[in-house]
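Colleague: I would be grateful for a close look at a single part of this model. Please set that part within the whole chain as you describe it.

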Amino acid sequence: MVFAATLSTVHELGYARATVDRIAAAAGVAKTTIYRRWPSKGALIVDCLLDAFGPMPLEGASRAELMSSAIRWIAAKIGEPGVGDAFAGVFSDAVSDPALREVLSARLQDPYRLALQDALGEPENRVLFFIDVVVGTLLHRMGMTGEPMVDADVATLTEMVLPHFTEGAGPT
C-alpha cells in the first residue's frame with residue numbers, strides 16, 4: 001500500500017515534490033508510520049524500487065541472450081509509471097548523500113550485480129561497467145525527455161553494448 005502510494009505520488013508530482021507527507025496522505029497513513037519503518041524518503045524509495053523491480057529474470061542460454069534480457073528488463077522497469085522518476089530522483093540525491101549512496105549500492109545495486117556476475121562469470125568491475133552503461137543511459141534518457149526509452153532505442157542500445165561484453169572487448 002505504501003509502495004503503490006509512493007510510486008503513484010512520484011508519478012503524479014515528480015520525485016522532488018513527492019514528500020513523505022504527501023506519500024503518507026496518499027497511502028492513508030500517518031507520516032510517523034512511514035518514519036517508523038524508513039528513516040528517510042531515500043530509504044523508502046529504495047525499498048519501493050526493490051519491490052517494483054523484484055528479482056532479475058535472466059533468460060537465455062548464451063551470454064548475449066542473458067545480457068539482452070537484462071537490458072530489456074531494466075528498460076521495461078524504468079519505464080513503469082513512477083519507477084524511472086523515483087530511480088532518477090533517489091540516484092540524484094545520492095550524489096551528495098553518502099549514506100543514501102551506500103543504501104543504493106548495498107541494497108539495490110549489489111543483488112543485481114551479484115546475479116549478473118554469477119550468470120555471466122564476469123568480474124565485479126566489468127559487471128559494474130555494464131550496469132553503469134545501461135542504467136546510466138536509460139536514466140539519462142528519462143531525465144532529458146521525461147519519457148522512457150522506446151523499444152527501438154533499447155534494441156539499439158543492446159546492439160551497441162553486447163559486443164563489448166560478449167566478445168571480450170574492453171578492460172577486464
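Modeller: In this predicted model, let us begin with the contacts in the chain: among those between residues at least 6 apart in sequence, 62% join residues at least 24 apart. The chain contains nine helices and zero strands, and its pattern along the sequence reads α-α-α-α-α-α-α-α-α. Its radius of gyration is 17 Å, close to the 16 Å that the globule rule gives for 172 residues, so the chain is as compact as a globular protein of that length. Along the principal axes, the C-alpha atoms fill a box of roughly 55 × 30 × 30 Å. Of the 172 residues, 43% count as buried, a term that here means under 20% relative accessible area.

The part I have chosen is helix H6, which runs over residues 83-94. Helix H6 has 12 residues, and the distance from its first C-alpha to its last is 16 Å, close to the 16 Å expected at 1.5 Å a residue. Its buried residues are Val 83, Gly 84, Ala 86, Phe 87, Gly 89, Val 90 and Ala 94. An α-helix has 3.6 residues a turn, so residues three or four places apart point the same way. What covers the buried residues of H6? The cover includes helix H1 (2-13), helix H4 (41-53) and helix H5 (63-78), and also helix H7 (98-120) and helix H8 (124-145).

Finally, we may turn to the surface and the charges. The accessible surface of the chain comes to about 8800 Å², and 57% of it belongs to carbon and sulfur atoms. The chain carries 14 positive and 21 negative side chains, with the centres of the two sets 7 Å apart.

Key. Residues numbered from 1 in each chain as written. Predicted model: local features only at pLDDT ≥ 70, side-chain atom pairs only at ≥ 80, totals over all residues. Heavy atoms only, no water. Helix = DSSP H or I, 4+ residues; strand = E, 2+ residues; numbered from the N terminus. Rg over C-alpha atoms; globule rule 2.2 N^0.38 Å. Buried < 20%, exposed > 50% of the residue type's maximum accessible area, 1.4 Å probe, protein only. Contact = heavy atoms within 4.5 Å. Areas by Shrake-Rupley, 256 points an atom, 1.4 Å probe, with all protein chains shown as cover. Lys, Arg positive; Asp, Glu negative; His and termini not counted. Charge placed at Lys NZ, Arg CZ, Asp CG, Glu CD. Expected span 1.5 Å × (residues − 1).
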